[in-house]
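Thanks, everyone, for making the time. I would like to walk through one model this morning, and I will put the sequence and the structure up before saying anything about them.

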Amino acid sequence: MLVLMEIWESIRDFVGTGGQVLYVVAIALFLMWVLMIERYWFLLAEFPKMKKGIVAKWDARQDTTSWYAHRIRDAWISEASEKLDERMLLIKTLVAVCPLIGLLGTVTGMIAVFETMATQGTGNPRLMASGISMATIPTMAGMVAALSGVFFSTRLEARAKMAKEKLIDSLPHH
């Protein structure tokens with residue numbers, strides 16, 4: 001329990017130094033990771049069942065060579081592809097938005113610096129230091145959040161593409 005309290009205090013200190021924008025970065029990061037974990041779950045647990053069902057339906061068909069059969073095959077592949085690509089655009093958007101949220105923190109931090117300069121003058125560097133840290137920490141947090149998302153979303157997209165290609169290969173096109 002004591003360890004959790006210390007972690008919470010560290011987080012509060014970090015947010016206090018970086019400003020309220022860090023909460024928005026944290027929310028975007030959390031949402032991005034929930035969506036990526038859901039997509040990995042779909043790829044590893046749900047899609048194989050879906051693929052097995054599609055292949056079973058195709059193998060059970062008498063007619064696999066006619067134009068009509070090929071349109072059915074294409075429709076099944078299209079439906080599976082759509083399921084594989086679900087929420088990927090939202091994940092990519094969240095990856096792109098994280099640094100922008102960090103930049104919002106930079107702007108608010110610099111406004112604090114300029115307010116301090118306007119009211120206290122430029123003679124006290126300690127007063128300006130808090131505004132400068134408030135300006136740099138959210139940018140760093142947004143970039144770190146985006147970098148984690150870039151790596152895993154790219155891998156996720158590649159796995160989805162590979163799964164689609166394997167599905168196409170498992171449905172013979174006579």
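I will take the helices first, then the salt bridges, and finish with a patch on the surface.

Please keep in mind throughout that this is a predicted model. Let me begin with helix α2, residues 21-60, whose 40 residues should span 58 Å at 1.5 Å a residue, and whose end C-alpha atoms are 56 Å apart, which agrees. Within α2 there is nevertheless a kink of about 45° at E46, shortly before the proline P48.

Helix α4, residues 88-120, can be read in a similar way: its 33 residues reach 48 Å from the first C-alpha to the last, close to the 48 Å expected. Here the kink is about 25° and lies at V97, shortly before the proline P99. The buried residues of α4 include C98, P99 and I101, and among them are also the glycines G102, G105 and G109. Just after the helix, G121 takes a positive phi of about 90°.

As for annotation, the unreviewed UniProt entry lists residues 20-42, 89-112 and 132-152 as "transmembrane region". In the model, residues 20-42 are 96% helix and 0% strand, with end C-alpha atoms 34 Å apart, while residues 132-152 are 100% helix, with the ends 31 Å apart.

Turning to charged side chains, the count comes to eight salt bridges. Which residues does E38 pair with? One partner is R39, with N to O at 2.9 Å, and a salt bridge also joins E38 to R87, where the closest N and O atoms are 3.1 Å apart. R87 sits in the loop between α3 and α4 whereas E38 belongs to helix α2, so this pair ties together parts that are 49 residues apart in sequence. Is R39 buried or exposed? At 3% relative accessibility R39 counts as buried, whereas E38, at 26%, counts as partly exposed, and so does R87, at 35%.

A more local example is D74 with R71, which meet in a salt bridge at 3.0 Å, N to O. Both lie in helix α3, three residues apart, about one turn of the helix. In addition, salt bridges that share partners join E38, R39, K83, E86 and R87 into one network.

Finally, the surface patch: M1, L2, V3, L4, M5, I7, W8 and I11 form a nonpolar patch with about 890 Å² of accessible area together. Of these, I7 lies in helix α1, residues 2-18, and at 44% relative accessibility I7 counts as partly exposed.

Key:
Residues numbered from 1 in each chain as written. Predicted model: local features only at pLDDT ≥ 70, side-chain atom pairs only at ≥ 80, totals over all residues. Heavy atoms only, no water. Helix = DSSP H or I, 4+ residues; strand = E, 2+ residues; numbered from the N terminus. Expected span 1.5 Å × (residues − 1). Bend = angle between axes of the 7 residues up to and from the residue. Buried < 20%, exposed > 50% of the residue type's maximum accessible area, 1.4 Å probe, protein only. Patch = residues over 30% accessible without salt bridge, like charges linked within 9 Å, V, L, I, M, F, W, Y side chains within 5 Å. Areas by Shrake-Rupley, 256 points an atom, 1.4 Å probe, with all protein chains shown as cover. Salt bridge = Lys/Arg side-chain N within 4 Å of Asp/Glu carboxyl O. UniProt positions renumbered as here; feature names shortened; annotations may be inferred.
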